[in-house]
Each structure stands twice: as structure tokens, then as C-alpha cells.
Amino acid sequence: MDTSVRQNELPRLKERKTKKQKKPCDFESLLYDLKNELLERYKNANVPFPSYDIEELAKLFPCDYVDVVKVLLYLENSGMVMIVGKNDMPMSEWRVEVQPLILDLIFDRYNF
């Protein structure tokens, strides 16, 4: 009984939960870099609609995975990419399919 009293008397140390601070993502730079990466991959592809794992692309950029997905969804809205599996698969299994509209990035440079 004496030991149970002593255990209750000892102050318990609270575990500090170290929350990983999310560093802010520079969305403008991410958008620019992601567009250029997708354009280069499209130009070098042997198929008209190349498809890539989003996780593979996200590893190329300093921003969090979720931030890369947000920008890809933005690009999907503009028609440059299509997110395959977003309605029926978990986000980790989504693929990005590059659309021919990505070539507008080249043509806009020359004001065609």
C-alpha cells in the first residue's frame, strides 16, 4: 500500500507533443515550377496524354503534398491537366494526366 501511495505522489511529467510547424508554401512559385515540369514532361512524352503519379510529382517540390494537389486541382480547372481517380480513389492514388492545352504555355510566350 505504501508503494501505491508513493506512485500517486510522484508528479507525472507531461509529454510535450512537438507539432511539426507547417512552413508556408509559395503558391506562385509552386504554380510556375509545376507548369514548367508538366510542360517538359508533355514535350518529352511518347503518348498524347501522359499520366503521372501525383505523389511522384509532389516529391519534386518543397511544398507539402496537399499544397501540390491544390495547385493541380487549380490547373485541372483551367484545362491543362485532368486528375484521374479523384472521385473514386483515395488522394494518394490519384494520377495527373497532362492535357494538350498545356502547350498554351509555349504559345502564350510568342503571342500567337
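Here is a quick tour of this predicted model, from the overall fold down to a few individual residues.

**The overall layout**

The protein has five helices and three strands. Going along the sequence, they come in the pattern α-α-β-α-α-β-β-α. Of the 112 residues in the protein, 29% are buried. As for the outside, about 8,800 Å² is exposed, and 52% of that comes from carbon and sulfur atoms. Take the contacts between residues at least 6 apart in sequence: 59% of them join residues at least 24 apart.

**The sheet**

The three strands make an open sheet, in the order β1-β3-β2, with antiparallel pairing. That leaves β1 (51–53) and β2 (81–84) as the edge strands, each pairing on one side only. On average, neighbouring strands of this sheet are turned by 30° against each other, direction ignored. In general, strands of a sheet pair through backbone hydrogen bonds, in either the parallel or the antiparallel sense.

Zooming in on one pairing, β2 meets β3 (residues 95–98) over four bridges, in the antiparallel sense. M82 is a handy residue to look at here, with E97 in β3 as its bridge partner. There is a helix to add to this picture too: α4 lies across β2 and β3, and runs at about 120° to β2.

**The disulfide**

How many disulfides does the structure hold? There is one. It is formed by C25 and C63, whose sulfur atoms sit 2.0 Å apart. The torsion about the S-S bond is about 85°, so this disulfide is right-handed. C25 belongs to the loop between α1 (2–9) and α2, while C63 belongs to the loop between α3 (54–58) and α4 (65–78), so the pair ties together parts that are 38 residues apart in sequence.

Are these cysteines buried or exposed? C25 counts as buried because its relative accessibility is 16%, and C63 counts as buried because its value is 13%.

**Two polar residues to click on**

R41 is part of helix α2 (residues 27–44). With a relative accessibility of 16%, R41 counts as buried. Its side chain makes a polar contact with the side chain of E56, at 2.9 Å. Setting aside residues up to four places away in sequence, R41 touches Y52, E56, L57 and L60. Y52 falls within the β1 range (51–53), and E56 and L57 fall within α3 (54–58).

Q99 has its place in the loop between β3 and α5 (104–107). It counts as buried because its relative accessibility is 15%. The Q99 side chain makes a polar contact with the side chain of E97, at 3.1 Å, and E97 is the β3 residue bridged to M82. Which residues does Q99 contact, leaving aside neighbours within four places in sequence? They are Y42, F49, G79, M80, V81 and M82. So M82 turns up twice, as a contact of Q99 and as the bridge partner of E97.

Here are the four buried residues from this tour, set out together.

| Residue | Relative accessibility |
|---|---|
| R41 | 16% |
| C25 | 16% |
| C63 | 13% |
| Q99 | 15% |

Terms used
Residues are numbered from 1 along each chain as its sequence is written. This is a predicted model: local features need pLDDT of at least 70, side-chain atom pairs count only at pLDDT 80 or more; totals for chains, interfaces and linings use all residues. Side-chain values use heavy atoms; hydrogens and water are left out. Buried means under 20% relative accessible area, exposed over 50%, partly exposed in between (1.4 Å probe, protein chains only). A polar contact is a pair of N or O atoms within 3.5 Å; within protein, one must be able to donate a hydrogen and the other to accept it, and residues adjacent in sequence count only if both atoms are side-chain atoms. Contact means heavy atoms within 4.5 Å. A disulfide is a pair of cysteine sulfur atoms within 2.5 Å. Accessible areas come from the Shrake-Rupley method with a 1.4 Å probe; for residues, only the protein chains shown count as cover. Two strands pair if DSSP finds at least two bridges between them. Axes are lines fitted to C-alpha atoms, for helices over the stretch in contact, and angles run from 0 to 180 degrees between N-to-C directions.
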